[in-house]
Amino acid sequence: MLADAFPQHAALVISTLRLVQPLGKPTAMLGQGVGPLSDPSLCRLARIVLPRLRIITLREGRAGPGLLSSFGVPSERIIVTGDDAIEFAYENRRPDLTRGIGFNLRLAPYSDVIQGEADGISRVIRRVAEQEKVPLIGIPISRNATEDDAETLVRQLDISAHEAQALRRLDNPLDVIRQVGRCSVVVTGSYHAGVFAMAQGISVVGLAKSSYYADKFNGLAEQFGEGCTVLRLDADDLLERFQSTVSLALKRAEYCRAQLLQAAAKEIRLGREAYANVLRVPSIMEAA
C-alpha cells in the first residue's frame, strides 16, 4: 500500500526500512501494491529506500514496475507475482461454477464513489439479477467501521434481516472466499473481492472511479485476461454499459474459467519462486 491514498501507512513502511538498511539488515517487500504515488516527501523517501531492497514483488505489472523504475529500483529486482491471497483462494475453489452474481461496493474516500452513484449501480445490479434469474450475493471485504462493506451492502441491496445477519457474519477470509465461490460473476468495487473471484476461475467486473482503483483493476485485468472487465464509474454511459457488461460476463463465465485458473496457477508459481529467492539476491549495498 505504497500509495497517495494511504500516506501515513506508506511513510511508516518506508521510514522503517530506512531505519534498518544502514544497519546492514536485509530488506525486501513482497506482495505489494505500489502507486499512484506522487506525494513529494514520500517520493523522496522512496528514492532513498526502495533501490536498496533485495527484491520487491508486485500485485500487478501495469503501473507498479514503471513507478519503481522511476525511483531507481533495478528492473531485475522487480517481480510481478500477483496478490499473495491468490493461492489461498485457488486452493479453496469449488470444482465447478454455480449461477450467481456477487456484488461489492466500496464507499470510502479513496474510492471516490459517492452515495448517488452507489444507488444507481445497485438498482441496475438488482435488475440484472432479476432478468437473468440468478441470486444476488453480497461479498463484504472491508469490515473497518468507516468503510464497512457489509453495512453498505445491507443498505444498497434492501435485504431481509436474516440475510443482513448472514452478511455481517462473514468476517474471515475463508468464509468470504466460499461466499465468492457461490458466484459465476463478481461485480466489485473492492480489489480483493476480484482477487478471490479470479483465483477461483470466476469472472469479474471491476468498478473504478479513483486512479487508485483504476490502477488496481486494470492491473488485475492485465494479469488474468478477458475474464476481467473494468468499468469506469465516471463514464457518461455507465449505467447502460453496466447492464450489458454484466449480462455478457454471465454468458461467458464458463468459457473464461479455464483461462482464469491457468493464470492463477502461474501467479502462485511466480510467488513461490520469488519468496524462495529473497535471501539469494544481494542488496545493492552488499553488492557494492
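User: By class, which residues make up the lining of the largest pocket?

Analyst: The lining of the largest pocket comprises seven nonpolar, seven charged and five polar residues. Please bear in mind throughout that this is a predicted model.

User: What volume does the largest pocket have, and which residues are closest to its centre?

Analyst: Its volume is about 360 Å³. The lining is made of 19 residues, and those closest to the centre are Met1, Arg59, Arg106, His192 and Lys216. Two elements, α9 (191-198) and α10 (211-224), give two or more residues to this lining. Helix α10 gives the most, with three residues.

User: How should the second largest pocket be read, and how much space lies in it?

Analyst: The reading follows the order used above: volume, lining, elements and classes. About 240 Å³ of space lies in the second largest pocket. Of its 13 lining residues, Leu136, Gly138, Glu163, Gln179 and Arg182 lie nearest the centre. At least two residues come from each of β5 (136-138) and α7 (161-168), and α7 supplies the largest share, four residues. By class, this second lining has eight nonpolar, three polar and two charged residues.

User: How does a cavity differ from a pocket, and how many cavities are found in the whole structure?

Analyst: In general, a pocket is an open set of points, whereas a cavity is a set from which a 1.4 Å probe cannot get out. In this structure, the search finds three cavities of 30 Å³ or more. The largest cavity has a volume of about 100 Å³. Its lining includes Met1, Arg59, Tyr191, Tyr212 and Lys216. Helix α10 again provides the largest share of a lining, here three residues. The cavity lining divides into five nonpolar, four charged and two polar residues.

User: How does one read an aromatic pair, and how many does the structure hold?

Analyst: One considers the distance between ring centres and the angle between ring planes: under 30 degrees counts as stacked and over 60 as edge-to-face. The structure holds six aromatic pairs. One of them joins Phe6 and Tyr212, with 5.6 Å from centre to centre and 75° between the planes, an edge-to-face arrangement. Phe6 lies in the segment before α1 (7-20) and Tyr212 lies in helix α10, so this pair ties together parts that are 206 residues apart in sequence. Both Phe6 and Tyr212 are buried.

User: Why is the pair of Tyr213 and Phe217 called stacked?

Analyst: The ring planes of Tyr213 and Phe217 stand at 25°, with the centres 5.9 Å apart, and the pair is therefore stacked. These two residues are four apart in helix α10, which means that about one helical turn separates them. Tyr213 counts as buried because its relative accessibility is 4%, and Phe217 is buried at 0%. Ring pairs also link Phe6, Tyr110, Tyr212, Tyr213 and Phe217 into a cluster.

User: Where does the charged end of Lys216 sit?

Analyst: The charged end of Lys216 sits over the ring of Tyr191, 4.5 Å from the ring centre. Lys216 is among the residues closest to the centre of the largest pocket, and both Lys216 and Tyr191 line the largest cavity. The charged end of Arg93 likewise sits over a ring, that of Tyr90, at 4.0 Å from its centre.

User: What is the peptide bond from Gly35 to Pro36, cis or trans?

Analyst: That peptide bond is cis, with omega near -5°. Pro36 belongs to the loop between β1 (29-32) and α2 (40-49), and Gly35 is one of the residues lining the largest cavity.

User: What is unusual to note about the phi of Asp112, and where is that residue found?

Analyst: Asp112 is not a glycine, yet its phi is positive, about 65°. It is found in the loop between β4 (101-104) and α5 (115-132), and its relative accessibility of 40% makes it partly exposed. Lys133, also not a glycine, has a positive phi of about 60°. Lys133 lies in the loop between α5 and β5 and is exposed, with a relative accessible area of 74%.

User: Finally, how many helices and strands are there in the protein?

Analyst: There are 12 helices and eight strands. The radius of gyration is 20 Å, which agrees with the value near 19 Å that a compact globule of 288 residues would have. The C-alpha atoms fill a box of roughly 65 × 35 × 35 Å along the principal axes, and 53% of the residues count as buried.

Key. Residues are numbered from 1 along each chain as its sequence is written. This is a predicted model: local features need pLDDT of at least 70, side-chain atom pairs count only at pLDDT 80 or more; totals for chains, interfaces and linings use all residues. Side-chain values use heavy atoms; hydrogens and water are left out. On a 1 Å grid over the protein atoms alone, a cavity is a set of points where a 1.4 Å probe fits but cannot get out, and a pocket is an open set with protein on both sides within 12 Å along at least five of seven lines; lining residues have an atom within 4 Å of a point. Grid points are joined across faces, edges and corners, and a volume is the space filled by probe spheres set on the points. Ala, Val, Leu, Ile, Met, Phe, Trp, Tyr, Cys and Pro count as nonpolar, Asp, Glu, Lys and Arg as charged, and the others, Gly among them, as polar. Rings of Phe, Tyr and Trp (its six-membered ring) pair if their centres lie within 6.5 Å; planes under 30 degrees apart count as stacked, over 60 as edge-to-face and the rest as tilted. Buried means under 20% relative accessible area, exposed over 50%, partly exposed in between (1.4 Å probe, protein chains only). A charge sits over a ring if NZ of Lys or CZ of Arg is within 6 Å of the ring centre and within 35 degrees of the ring normal. The radius of gyration is taken over C-alpha atoms; the globule rule is 2.2 Å times the number of residues to the power 0.38.
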